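Please open the structure in your viewer and keep the selection panel at hand. The tour below goes from one selection to the next and says what is found at each stop.

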Amino acid sequence: HRLRLAVAAREGRYTMRDGKHMILAINPGSTSIKIAVYQDEQDIEEQNLQLKMMDIVDNFQTYEMDWDSEPVLLIRAFLDKIGVAPQELDMVVARGGPAPPMKSGAYRVNELFVNTFRYEPLVKHPSILGPEMAYVMASHLGITPIVYDADSVDEADEMEHLTGLPEIRRTITSHNLNGKLMCLRLSEKLGIPYPEARFIVVHLG
């Protein structure tokens, strides 16, 4: 089931059109939803919307996530406050939570993706709510929902998965989204092509 998730989602990789795009970014945390609206790379507005997300995580299997559920209503109110109509959005991007190992990049969220986080999450973490929030909003608006560089990105060498016991393999997870972005920015600042760069990254939080 989990292997099919990665395959099905990767087959739906999204290719952006030319021109400007209005993008809604969703990052659920334990006590809030970090939300932002971008026009391509320009940050239009961002805010932390206060909500006890762990209450939803604890009851996620039976929680009804829809256009009128509390997290989505908060996001809709935020958009209304800053004068952005939902219909102006071109894409909804969410933080991807702990999932089966996958390559880095953007993945279209589908029903298999959503159901895996709802019924078989690797870890009960607020980030498992992000893909379904994006899926609900994007489906209602007829646009694309994606996750990007999820926590379970695993591009480590085979040696790093070895533990010394054949029946036990090391699972590689990290805050890849933030770490990779910092490396990309530093590569650009130093004038080093990203594939040729070698950095030590430490996530503090």
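**A tour of selected side chains**

Begin by selecting D149, which in this predicted model is buried, with a relative accessible area of 4%. Add K180 to the selection: D149 forms a salt bridge with K180, and the closest N and O atoms of the two are 4.0 Å apart. Because D149 lies in the loop between β6 (144-148) and α6 (176-190), whereas K180 belongs to helix α6, the pair ties together parts of the chain that are 31 residues apart in sequence. K180 counts as buried as well, at 17% relative accessibility, since the limit for that class is under 20%.

Next, select E132 and R118, whose side chains meet in another salt bridge, at 2.8 Å from N to O. This pair links distant parts of the chain, with E132 in helix α5 (residues 130-141) and R118 in helix α4, 14 residues apart. Is E132 buried or exposed? At a relative accessibility of 8%, E132 counts as buried, and R118 is likewise classed as buried at 8%.

Keep R118 on display and add F60, because here a charge sits over a ring by the criterion of an Arg CZ within 6 Å of the ring centre: R118 lies over the face of F60, at 4.5 Å from the ring centre.

Stay in helix α4 and select F113 and F117, which are four residues apart in that helix (residues 111-119) and are therefore separated by about one helical turn. The structure holds one aromatic pair, and its rings, those of F113 and F117, have centres 5.4 Å apart and planes at 45°, so the pair is described as tilted. Both F113 and F117 are buried.

For a salt bridge with other surroundings, select R76 and D68, where the closest N and O atoms are 3.1 Å apart. R76 is partly exposed, with a relative accessible area of 24%, while D68 is exposed, at 51%. A search of the whole structure finds four salt bridges, among them the one between R76 and D68.

Finally, colour the chain by pLDDT, which averages 85 for the protein chain, with 90% of the residues scoring at least 70. Then select residues 1-18, over which pLDDT stays under 50, although the model has 38 contacts beyond four places in sequence for this stretch. Where pLDDT is low, the predicted coordinates should not be read in detail.

Note on methods: Residues numbered from 1 in each chain as written. Predicted model: local features only at pLDDT ≥ 70, side-chain atom pairs only at ≥ 80, totals over all residues. Heavy atoms only, no water. Phe/Tyr/Trp six-rings, centres within 6.5 Å; stacked < 30°, edge-to-face > 60°. Helix = DSSP H or I, 4+ residues; strand = E, 2+ residues; numbered from the N terminus. Buried < 20%, exposed > 50% of the residue type's maximum accessible area, 1.4 Å probe, protein only. Lys NZ or Arg CZ within 6 Å of the ring centre and 35° of its normal. pLDDT = per-residue confidence, 0-100. Contact = heavy atoms within 4.5 Å.
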